[in-house]
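Visitor: I'd like to look at this one with you, and I'll keep asking how you know things. Could we start with the hollows?

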Amino acid sequence: MVALLSDFGHCDIYVSVMKGVMAQINSQIRVVDLTHQIPAQNKAAARFCLMNAYPYFPVGTVYVAVVDPGVGGRRKAIAVEFAQGYLVGPDNGIFSGVLSQTPAINAVELTNPQYWRTREPSKTFHGRDIFAPVGAHLSSGIPLQRLGRQINPAGLVQLDMAECSPTSSGVTGSIQYIDHFGNLISNIPGKYIQGKNWCVQASGLTIPGCVTYGDVKVGEVAALVGSHGWVEIAINGGNASSQLQMNWQDELQVLFI
């Protein structure tokens, strides 16, 4: 299986072209779309979505991710082997969430044009000319080592992401992702609030800790642990991001009460 993620959206042909390239190599590959609605060039969103998606896919899945504001520049094109499968895309930090949970086993820079679509790839569409064909070849059984020059996984780019910090009265964190519903997903793991009475302070509000969205009335604000396992702020029937005027990296605090 190949799982695709990008910021290409669905208005243009880019995603379909990548699928066509893979089908030319192996028409039997099963392709699943993780999402193509990553906000344009938002590497942090790509990191979050990959990190939270991979546990639900079969071992051996090839993840082709193209959120690549540095395309055609000095950043490396890479493929990485980890316990659950392979990661293919730019070395710009989008894989650092996955690899923080399950470390890389091997990594290569994609320097072998035999496995590209063309020996003269576009400077603006490595998704079509390098990443899609490499993903198809990996999915078809080509060994990682054939794809290019081996590199040290310890040298892969890490996104500079804020970490949550336990305090004497709770945990301080920040918003790491905003989903389609406007839910504000923090970088505070749900394990911190297990068995505790708690609330969240954010945007000048004290928000009660709940179990599900329906624990508050429609239009009211709630804090809960989402299906992804992180503390989030939501509005029942509303959009927390727009209504609370909160955005990426804004701070919040979990307080134990």
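Guide: Sure, but let's settle the word first. Put a 1 Å grid over the protein atoms alone: a pocket is an open set of points with protein on both sides within 12 Å along at least five of seven lines, while a cavity is a set of points where a 1.4 Å probe fits but cannot get out, and a lining residue has an atom within 4 Å of a point. Points are joined across faces, edges and corners, and the volume is the space filled by probe spheres set on them.
Guide: Two bits of housekeeping. This is a predicted model, where local features need pLDDT of at least 70 and side-chain atom pairs count only at pLDDT 80 or more, though totals for chains, interfaces and linings use all residues. Residues are numbered from 1 along each chain as its sequence is written, and side-chain values use heavy atoms, with hydrogens and water left out.

Visitor: What is the volume of the second largest pocket, and which residues lie nearest its centre?
Guide: The volume is about 300 Å³. Its lining has 13 residues, and Phe48, Cys49, Asn52, Ser227 and His228 lie nearest the centre. Helix H2 gives the largest share of that lining, 4 residues. Helices here are DSSP runs of H or I with at least four residues, strands are runs of E with at least two, and both are numbered from the N terminus.

Visitor: How many residues of each class are in that lining?
Guide: There are 8 nonpolar, 4 polar and 1 charged. The sorting rule is simple: Ala, Val, Leu, Ile, Met, Phe, Trp, Tyr, Cys and Pro count as nonpolar, Asp, Glu, Lys and Arg as charged, and the others, Gly among them, as polar.

Visitor: And what is the largest pocket like, in volume and lining?
Guide: Its volume is about 460 Å³, with 20 lining residues, and Arg47, Met161, Ala162, Glu163 and Asn187 lie nearest the centre. Helix H2 (43-53), helix H3 (96-101), strand S9 (170-178) and strand S10 (184-189) each give two or more residues to this lining. By class, the largest pocket's lining splits into 10 nonpolar, 6 polar and 4 charged.

Visitor: How many cavities of 30 Å³ or more are there?
Guide: By the no-way-out rule, the count is 1. The largest cavity holds about 50 Å³ of space. It is lined by 13 residues, with Asp91, Phe95, Ser96, Leu156 and Val157 closest to its centre. S4 and H3 each supply at least two residues of this lining.

Visitor: Why is Thr61 called buried?
Guide: Buried means under 20% relative accessible area, exposed means over 50%, and partly exposed is in between, using a 1.4 Å probe and protein chains only. Thr61 has 1%, so it is buried. This residue sits in strand S3. Leaving out neighbours within four places in sequence, Thr61 is in contact (heavy atoms within 4.5 Å) with Met1, Ala3, Gln84, Gly85 and Tyr86.

Visitor: Which class does Ile142 fall into, buried or exposed?
Guide: Its value is 18%, so Ile142 counts as buried. You'll find Ile142 in the loop between H4 and strand S7 (149-150). Not counting residues up to four places away in sequence, Ile142 touches Tyr115, His137 and Leu147.

Visitor: What makes Gln41 exposed, and Ser203 partly exposed?
Guide: Gln41 has 53% relative accessibility, so it counts as exposed. Ser203 has 41%, so it counts as partly exposed. Gln41 is in the loop between strand S2 (31-35) and H2, and Ser203 is in the loop between strand S11 (198-202) and strand S12 (205-208). Gln41 has a positive phi of about 65 degrees although it is not a glycine. Ser203, also a residue other than glycine, has a positive phi near 55 degrees.

Visitor: How do you know what span to expect for helix H4?
Guide: The expected span is 1.5 Å times one less than the number of residues. H4 (residues 126-139) has 14 residues and reaches 18 Å from first C-alpha to last, close to the expected 20 Å.

Visitor: Where does H4 bend?
Guide: At Ala132, by about 25 degrees, with Pro133 following within four residues. That bend is the angle between axes fitted to the seven residues ending there and the seven starting there.

Visitor: What makes you say that H4 is mostly covered?
Guide: Of its 14 residues, 12 are buried, including Ile130, Phe131 and Leu138. The buried residues of H4 pack against strand S1 (2-6), helix H1 (14-25), strand S3 (61-66), strand S4 (77-82) and strand S5 (85-90).
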